[in-house]
Amino acid sequence: MSTSTKGAGAVAAAFGASVLASAGLAIVYIAGGSPPIEGALLLVALGGIGAGLVLWAKRFLPVGDDVQEREPLPSTPDERARASDSFGAGADLVARRRLLVRLAAAALGALGIAALFPIRSLGRAPGGALFHTRWRAGVRAVDASGTPVQAASITTGTVVTVFPEGHVGAADSQTLLIGLGPGVYRPVAGREDWAPEGVVGYSKICTHVGCPVGLYQPSEHLLFCPCHQSAFDVLAGARPVAGPAARPLPQLPLTIDAAGYVVARGDFPEPVGPGFWDRGRD
Amino acid sequence: MTDAARGGARGSRSERERAGVSLPGREEPPFQDRIGAWLDERLHLSRFARQALDKVFPDHWSFMFGEIALYSFVVLVLTGVFLAFFFEPSLTPTTYEGPYEPLRGLEMSDAYASTLRLSFEVRAGLVMRQTHHWAALVFIGSIVVHLCRVFFTGAFRRPREINWVIGVTMLLLALLNGFTGYSLPDDLLSGTGLRIMYSVILSVPLLGPWAAFLLFGGEFPAEQILGRLFVLHIFLVPVILGALLGAHLALVWHQKHTQFPEPGHTEANVVGSRLWPTYALKSVGLFFLVAAVLTGLGGLVQINPVWLYGPFDPSQVTSPAQPDWYLGWLEGALRLFPNWEIRAFGFEIPEPFFPAVLVPGITFAVLYAWPFLERLMTKDQAEHHLLDRPRDRPVRTAFGAGTLTFYASLFAAASNDLVAHWFELDIETVTWFFRVLVLVLPPAVALLTFLVCRALRDAGDVRLTHLPLSSVWRPRARSTHR
Ligand code: FES
């Protein structure tokens, strides 16, 4: 019986360690707490009980030698018939009142449909929200602190995240101003005058699933999205050149006002951000 | 719960008459019998108690994963209640004044600030928070392994199709609750996850914009979403999960557990340990072991250090951004799927629809349908309580192995940027490598698995000839017990 004595010792040790660890937990808590020590003590306090119980079962209890018969799952045909009869008898009584059955069904159905209406209260209608941002003609571009941006400050290779003045933080309006330097801008047809003094503006929302397109590589004129590595060619209308994004970043038409600030000439010409089924609607 | 009717004589005659139960007489009934009698007089429990205590559960290491999932859920509920006492699901802006220096003075939401408070100021709060997160990872992990066990051993076959469907639903809800929970702290990483979720919903043809606006309350980032996620995360989904868990266990109880074919095991019996005391001690012990590992991880191994990410700002993103492991397959699919968009008649199906809606949609459709699909293929209508050895079902095992390889490849592809970085490769090259891998590796693994299983199955027969005793004995044992 040496094994059983040894087994008992191990079980006792496990429970004992648990008691000590729990006491330790209380002390650590009173002393101000410490996540790593709490974790270690919890490991011992809970693990001691767990190990003790499992060892106990394995060493001293009958394991794996009990046999039980399975009762067949299907009922006998007779039982089934009686259940069916019970239901059928009741159903017959109900079905006799045919008009009432129909009216009850109509009442429940109407209630069900009426109950769907509050779902509409959950949110605004998409309406035009996905098609417009806060940019308007004449609105100045401000940086994250709300300061209007001077065109002269966007030197070659500079990138600034801007918002329409008065709407700092508006998620759908976040725009990147990129300084291309003189003579580098190669406009898409019809956008010849959208990048005054080599400052070009693109929506910062990735057209894939909407992460902010944060990384700019001035040497290659590429914008990278950190989420799924789409790359956009800034010189070619922010056309996607790699990764899962399927559409260019919309371009914000820009101009420079008399005081030298960057100003929008209007909203983006198309919806910004990820696609949706009727994006082509106008 | 105890059994008043079992064991020695107890109760005086008059007591018996009063109780209306026939208890054999004895002067001083032990404590558990008095409790038992009290309950039995009110609930008629004895017969059930006796059956329950004597119920036999088969032993096999692979049957533990479902239990691990169950106990992780218990840990999730216990730690989650604690967290809910402190967390404020609100996007109201506030200025951080707490003890964590790098963020002091920063503007952030109440949600993020209360998560920081929970982490740095509430005593034992960080251990609870980290244990909760670890428990979520282990919960979903053990569900997936449990599902694989059930799949590869054919435990989903008649009569257990209902439990398979319940189980798949629980996996779906567990994924959902993992995502909603991970989104609550309103840190930079979780905000990015929400942004992606919004865009994925938006991509659904016809329904997308309305669905996204109704769920979020408006265009991203809408104020309402956080409170809604909170209600989903701490109430609706856990309650449904709990109810399904109850149904899942009740069905296991009612139908009795499956067992592997071994000498003495038949379709008509269950061989194992009784609930009381062996199984009870082992299973309760397992609960404590699971809790020990989860709390140990929660205290010792940092997870989701939201204070490092900073508060959510829709124009910022952390790089590299990766979700919790259980969403890695979707992340990989998003990274690999080529930039195809279908445009016709002024309408379009946006690119994310394919990897992020269709792939999970098909995944769960096949999961739900599997028991019925397999029955169509094999024409096997019979009831099964003995499990398959995976090698004896080369086709199913090959399909499962191929499928797992597919998701594992997608999972690996979620790190394409890291792979590119480590091996100093071009990201395009790595993406193409994974695209090929995702399409080529699964069929290759499936084929290999099929061949190996078939050989093993046949070799198994050969090996049985070396053990003539058991090979003669086994079929006879089956037929006599039927
Ligand atoms: S969100 Fe930009 S690549 Fe996916």
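How many Å separate the centres of domain 1 of chain A and domain 2 of chain A, taken over C-alpha atoms? The model open in your viewer is a predicted one, and in it those two centres are 53 Å apart. To see this for yourself, colour chain A by its domain assignment, which gives domain 1 as residues 3–62 + 80–120 and domain 2 as residues 129–278.

**Stop 1: a loop in chain A**

Stay in chain A and select A:Ala238, which lies in the loop between β8 (231–233) and β9. Although A:Ala238 is not a glycine, its phi is positive, at about 55°. Is A:Ala238 buried or exposed? With a relative accessible area of 0%, A:Ala238 is buried.

Next select A:Pro248, whose place is in the loop between β9 (239–242) and β10 (251–252) of chain A. A:Pro248 has a relative accessible area of 31% and is therefore partly exposed. If you set aside its neighbours within four places in sequence, the residues in contact with A:Pro248 are A:Thr207, A:Gly237, A:Ala238, A:Arg239 and A:Pro240, so that A:Ala238, the residue with the positive phi, appears again in this list. A distance can be drawn here too: from C-alpha to C-alpha, A:Pro248 and A:Ala236 are 9.0 Å apart in space, while 12 residues apart in sequence.

**Stop 2: chain B as a whole**

Now show chain B in full, where the secondary structure comes to 18 helices and six strands. Of the 482 residues of chain B, 52% count as buried. Among the contacts in chain B with a separation of 6 or more, 74% are accounted for by residues 24 or more positions apart.

Colouring by domain divides chain B into domain 1 (29–58), domain 2 (60–364) and domain 3 (389–482). The contact of domain 2 with domain 3 takes 27 residues from each of them, and the centres of these two domains, taken over C-alpha atoms, are separated by 27 Å.

**Stop 3: two cis peptide bonds**

Which peptide bond is cis, with omega near 10°? Select the bond from B:Arg158 to B:Pro159, for which this is the case, and note that B:Pro159 sits in the loop between α6 (125–152) and α7 (161–183) of chain B. A further cis peptide bond runs from B:Trp276 to B:Pro277, with omega near 5°; B:Pro277 is found in a helix, namely α11 (residues 275–300) of chain B.

**Stop 4: B:Asp186 and B:Pro311**

Move on to B:Asp186, in the loop between α7 and α8 (188–202) of chain B. Its phi is near 60°, a positive value in a residue other than glycine, and at 12% relative accessibility B:Asp186 counts as buried.

From there, select B:Pro311, which is found in the loop between α12 (306–309) and α13 of chain B. B:Pro311 also counts as buried, at 17% relative accessibility. What is B:Pro311 in contact with, leaving aside its neighbours within four places in sequence? The residues are B:Leu103, B:Leu106, B:Glu107, B:Met108, B:Tyr112, B:Asp186, B:Asp187 and B:Leu188. One of them, B:Asp187, is 124 residues away from B:Pro311 in sequence, yet the C-alpha atoms of the two are 4.4 Å apart in space.

**Stop 5: helices α13 and α14**

Select helix α13 (residues 328–336) and helix α14 (residues 353–378) of chain B, which pack at an angle of about 135° with their axes 9 Å apart. That angle makes α13(B) oblique to α14(B), and the crossing of α13(B) and α14(B) is right-handed. Showing side chains, you will find B:Trp329, B:Leu330, B:Ala333 and B:Leu334 on α13(B), which meet B:Pro355, B:Ala356, B:Val359, B:Pro360, B:Thr363 and B:Phe364 on α14(B). By class, this contact has nine nonpolar residues, one polar residue and no charged residues.

**Stop 6: B:Phe406**

The tour ends at B:Phe406, placed in helix α15 (residues 394–413) of chain B. With a relative accessible area of 24%, B:Phe406 is partly exposed. Apart from its neighbours within four places in sequence, B:Phe406 is in contact with B:Val438 and B:Pro442. As a last distance to draw, the C-alpha atoms of B:Phe406 and B:Ile140 are separated by 18 Å, these residues being 266 residues apart along the chain.

Definitions and conventions
Residues are numbered from 1 along each chain as its sequence is written. Chains are lettered from A and ligands numbered from 1 in the order in which they are written. This is a predicted model: local features need pLDDT of at least 70, side-chain atom pairs count only at pLDDT 80 or more; totals for chains, interfaces and linings use all residues. Side-chain values use heavy atoms; hydrogens and water are left out. Domain bounds come from an automatic or database domain assignment. Axes are lines fitted to C-alpha atoms, for helices over the stretch in contact, and angles run from 0 to 180 degrees between N-to-C directions. Helices (H or I, at least four residues) and strands (E, at least two) are DSSP runs, numbered from the N terminus. Angles under 35 degrees count as roughly parallel, over 145 as roughly antiparallel, 65 to 115 as roughly perpendicular and the rest as oblique. A crossing is left-handed if the near helix is turned anticlockwise from the far one by less than a right angle, and right-handed if clockwise. Contact means heavy atoms within 4.5 Å. Ala, Val, Leu, Ile, Met, Phe, Trp, Tyr, Cys and Pro count as nonpolar, Asp, Glu, Lys and Arg as charged, and the others, Gly among them, as polar. Buried means under 20% relative accessible area, exposed over 50%, partly exposed in between (1.4 Å probe, protein chains only).
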